Amino acid sequence: MNCILAVKMYITKMTDESGPGMKVLLMDKETTSIVSMVYGQSEIQQREVYLFERIDAGNNEPMKHLKCIAFLRPSKENIHSLATELRRPRYGSYYIYFSNITPKADIKTLAEADEQEVVREIQEFYGDYLAMGPHLFSLGIPISYQGSGWDHDILSRCVQGVTSVLLSLQKNPFIRYQNNSKMAKRLAETIRQVLSKESELFEFRQVGPPPLLLILDRRDDPVTPLLNQWTYQAMVHELLTINNNRVSLGHVQGISKELKEVVLSAEQDEFYANNLYLNFGEIGQTIKDLMDEFQKRSKSNRKLESIQDMKNFVEAYPQFKKMSGTVSKHVVVVGELAAMMERHNLLEVSETEQELACQEAHSQHLQHVRRLLANEKVRHEDAAKLVMLYALRYENHSNNDTSGLIELLKKKGVSDRLVKMIRTLLEYGGAQARQSDLFGHQDAVVQITKRFFKDLRGVENVYTQHKPLLVNTLEDLSKGRIKETLFPFLGNNSNAATKRPQDVIVFIIGGATYEEALSVHQINQTSSLGIRVILGGTTIHNSTTFLNEVDAASARSRIQNL
């Protein structure tokens, strides 16, 4: 199971099936992002694709010498635009690939528009999602909640995205969902309807236990997206934001023009691929090693004493130039992370966040949070998040002082929006909204046992001691301990309940995080659990985008209740 390879294989197949010759790739806004996540421009040009066009660009220039590969979502707008294109074709021939299941009526519309018979191929290639990594996908939906329910268009997009993942990975799964989430249940039911209606598409040869689709709701774990991160990929996303593999550095003082926006792609950047899960302390050393290697190569390239030396330099120059770009990019990124860490006192902030997420010590935590709120270096958003974590953990504590901490935030000058978000977050993901025992209050014996084993193993790093709730869920699933009352099967699947799945696709309504992606990567590397996991979400959150989603969900909920 590999999302990157699945989507990449589709695009490779498109370029192969159109045969030799110069090609244009015609895409829409969504498929442009889908392609860019798995293929670099120079890499796809090697497959004779020399022009990239958007179907909504309104370009009318005829180029009959080019073959057109159209990779589009089967939306009403795209069908209409493509039919218009085929009535007055700009290119010599068309190879059309839709990213999802396409109604027969739409195929008929295109056939009627193809009066000049320029269409050579129409197929469905199920790459209708953003492959963020081998085991991670996103649907690029920043806001998924309509109050406590679904917006119809977003539900439809989630159904299409998840079924596309299943088809591309060739999985016909049993479905389980988070029982306290009406949204999870409705998504599960709608996906099952598609699996039933399109049953012929899902007839795959199955070896071993049937796969499982597990649908979760972000509300059950509002803690993970709030935390500062200390592994490279997650830290970049939290502090600088990764948007479709791109990071904006325009705000960095004295930055050169070519580094104002950089691409961080594990497919195109070997250094990033090897280091995205390392913690920040280790990254400093690997950056130094990279610079040492670059300087060594730079010195050897200065000694051009013979024709052969010059020839060798010219042959190695593209690789040398690429390495130079890699060094510059990562030195700037790591430098900015280090500056922000120092500027905003993030080490102390993060240590308290981790304590609030992982330990029970009310008076000590209250003291730590008060001290940090009084620290001028602590950013307003970090101060508010500390109070949010405190409010979530000690929501029902007899000495809860959330109101006192809110007053301290107001004195600090924190915006009304952030202050109000504390109560909003409790509505969104407080104890009444969760089915899980997120902080381990219920089963004291289990928690003491877990803590005992954790203490025996030791904590590798105080800044990364938190484990997302997803880890417990997957561990219970792999050991057959997951409760059917909490995660029921859809329909009567008593037979499935006796078989532990080997392949699990997890989808989180309300967004996944890079910390959860790291945990899934570690589970996939651990053969003892005996499961392989793909993680997906409506989006990949950092704390800022998560709070935007919480705010939107609450605002829409208030409108519904008026």
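Tutor: Let's start with a cut-off: a residue is called buried when its relative accessible area is under 20%, and exposed when that area is over 50%. Keep in mind that this is a predicted model.

Student: Happy to. Why is threonine 163 called buried?

Tutor: Its relative accessibility is 1%, and the limit is under 20%, so threonine 163 counts as buried. Threonine 163 sits in helix 6, residues 152-169. Leaving aside residues up to four places away in sequence, it touches Asn100, Ile191, Val194, Leu195 and Phe202.

Student: What makes glutamate 407 and lysine 410 a salt bridge?

Tutor: The N to O distance between their side chains is 3.6 Å, and the rule asks for a nitrogen within 4 Å of a carboxyl oxygen, so the pair qualifies. Both residues belong to helix 15 (residues 402-412), three residues apart, which is about one turn of the helix.

Student: Why is glutamate 407 called partly exposed?

Tutor: Partly exposed is the class between under 20% and over 50%. Glutamate 407 has a relative accessible area of 42%, so it falls there; lysine 410, at 46%, is partly exposed too.

Student: How do you know that aspartate 503 forms a salt bridge with arginine 532?

Tutor: Their closest N and O atoms are 2.8 Å apart, and the cut-off is within 4 Å, so this is a salt bridge. The pair links distant parts of the chain, with aspartate 503 in strand 14 (residues 503-509) and arginine 532 in strand 16 (residues 532-537), 29 residues apart.

Student: Is each partner of that bridge buried or partly exposed?

Tutor: Aspartate 503 has a relative accessible area of 9%, so it is buried. Arginine 532 has 43%, so it is partly exposed.

Student: Now the rings. Why is the pair of tyrosine 390 and tyrosine 394 called tilted?

Tutor: The centres are 5.2 Å apart, and pairing needs them within 6.5 Å. The planes meet at 50 degrees; under 30 would be stacked and over 60 edge-to-face, so tilted is what remains. Tyrosine 390 and tyrosine 394 are both buried.

Student: And what makes tyrosine 428 and phenylalanine 546 edge-to-face?

Tutor: Here the angle between the planes is 75 degrees, with 5.8 Å centre to centre. Edge-to-face needs over 60 degrees, so the name fits. Tyrosine 428 lies in helix 16 (residues 416-429) and phenylalanine 546 in helix 21 (residues 543-561), so the pair ties together parts 118 residues apart in sequence.

Terms used: Residues numbered from 1 in each chain as written. Predicted model: local features only at pLDDT ≥ 70, side-chain atom pairs only at ≥ 80, totals over all residues. Heavy atoms only, no water. Helix = DSSP H or I, 4+ residues; strand = E, 2+ residues; numbered from the N terminus. Buried < 20%, exposed > 50% of the residue type's maximum accessible area, 1.4 Å probe, protein only. Contact = heavy atoms within 4.5 Å. Phe/Tyr/Trp six-rings, centres within 6.5 Å; stacked < 30°, edge-to-face > 60°.
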